[in-house]
Amino acid sequence: MSRFFADLTPLRVSQAYRRLWLGNALAAIGAQLTLVAVSLEVYALTQSSLYVGLVGLFALVPLVVAGLYGGAVADVYDRRKVALVSGFFLWLSICGIAAHAWMDVENVWLLYGLVALHSAAQGVNQPTRSAIIPALVGHKLLPAANALNMMTFNFAMMGGPLLAGVLVATVGYAWTYSIDVVAYLAALWALFRLPPLPPQKDETDGAGPQQHRVGVRSVVEGLVFLRTRKNVRMTFLMDFAAMILAMPRALLPAIGALLVGGGELTVGILLGALAAGSFLTGVFSGPLMRIHRHGAAVTWAVAAWGGCIAGFGAVVWLASGEPVPPDGSLTWWVWPAALLLLLAGVSDAVAMIFRQTILQSATPDHLRGRLQGVFIVVVAGGPRLGELVSGSAAAAVGESLTAVAGGTLCILTVFVLARRFPGFLRYDSRNPTP
């Protein structure tokens, strides 16, 4: 069945990975509960969308700083200990958010501080856990393991916000946060059961002698490696092409309200379509495991993402020629738009699986934590920068033209990058070259 469905071999052959995967799945759902509930609670306390937006700022800045520094920590110390300690502080921050709700403190600035602590701990924990996976499953099973990880993440992205809304409405904020407190214990238990995982000290990769200390110089060494290794660097450039030039998320509220109809319901359908495409890719990822030309797969997947976003913009442009129903009901244009975003989600997921696999396979073990830290920063910051770009462009030329132009620019950028670095198209997972 793995010829068509997700390859479960990593779960069968590695008990440690199986525990980690199950723990991370529960933690991902719990994290979505907390993320959505915090936004709802901040709005309930302030009645201001601006204050809700500040939640993202307080989460992003610590994640960027800790992601870069945390990767350096993971390249010096035992990764099991680093993941366990950072995971414990992450759990404590969730406990603090829950206590804030149980005690009816109602202090939005204290909530911001707890969110920042949670994000900082996550910035250390997440790249460390990603750097651990190759040691648990081996390089051959990395694509399958990454597909399984992505499947659980997108399942949490689809179901978590809906479940959070139901829980907040029925049992309140405190109980919703408390579910995350309990769920994250599974992730901590999985980390506790791991064997010692010290990073390998390999000084033969040409990046210079390994410094056995944590600091700015250690972070810079990771960035120097990224600058001098074309295939690894291309995974980031491709992601920037997709997320900065063709991220449609900021366009959706206006599209739902003014162009397609349906308002918030349309936004939910379109966002759900993106997440559903990624989730289905994980479920039916079996055929992807037979692909060895990972660089070519990333290139074509990112180009397909750009084509889907451009097509989505064209559908929105066609829909804008018809009046929006005054009662806020959906028009049939929602469904072709959702289909294109679902296909965009599929393309994004394919690119994500192979980009992550290239990064984990082609990076020497003693630098893997730092490169995973950069990866976390790019994944977190790229879409937000893309929202700023698309939102600004839409204010000038409109939502539909912004989507068409962004998708087209994404395709052109992919073509230019492929011509500039042709070796990336020849990248073969059987001989991972950074």
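**Helix geometry, helix packing and a buried salt bridge**

In this predicted model, helix α15 covers residues 399-420, and because a helix is expected to advance 1.5 Å a residue, its 22 residues should span 32 Å, a value with which the 31 Å between its end C-alpha atoms agrees. Several positions along this helix are buried, namely Glu399, Ser400, Thr402, Ala403, Gly406, Gly407, Cys410, Val414, Leu417 and Ala418.

The packing of two further helices was then examined. Two packed helices are described by the angle between their axes and the distance between the axes. For helix α9, formed by residues 230-245, and helix α12, formed by residues 294-319, the axes come within 10 Å and cross at roughly 10°; because angles under 35 degrees count as roughly parallel, α9 is described as roughly parallel to α12. On the α9 side the contact involves Met238, Ala242 and Met243, which meet Val298, Thr299, Val302 and Trp305 of α12. The residues of this contact comprise 6 nonpolar and 1 polar, with no charged residue among them.

Helix α9 also takes part in an ionic pairing. A search of the whole structure finds 1 salt bridge, formed between arginine 355 and aspartate 239, whose closest N and O atoms lie 3.1 Å apart. The pair links distant parts of the chain, since arginine 355 belongs to helix α13 (residues 334-362) whereas aspartate 239 belongs to helix α9, with the two positions 116 residues apart in numbering. Arginine 355 has a relative accessible area of 3% and is therefore buried, and aspartate 239, at 5% relative accessibility, likewise counts as buried.

Note on methods. Residues numbered from 1 in each chain as written. Predicted model: local features only at pLDDT ≥ 70, side-chain atom pairs only at ≥ 80, totals over all residues. Heavy atoms only, no water. Axes fitted to C-alpha atoms, helices over the stretch in contact; angles between N-to-C directions. Helix = DSSP H or I, 4+ residues; strand = E, 2+ residues; numbered from the N terminus. Parallel < 35°, antiparallel > 145°, perpendicular 65-115°, else oblique. Contact = heavy atoms within 4.5 Å. Nonpolar A, V, L, I, M, F, W, Y, C, P; charged D, E, K, R; others polar. Expected span 1.5 Å × (residues − 1). Buried < 20%, exposed > 50% of the residue type's maximum accessible area, 1.4 Å probe, protein only. Salt bridge = Lys/Arg side-chain N within 4 Å of Asp/Glu carboxyl O.
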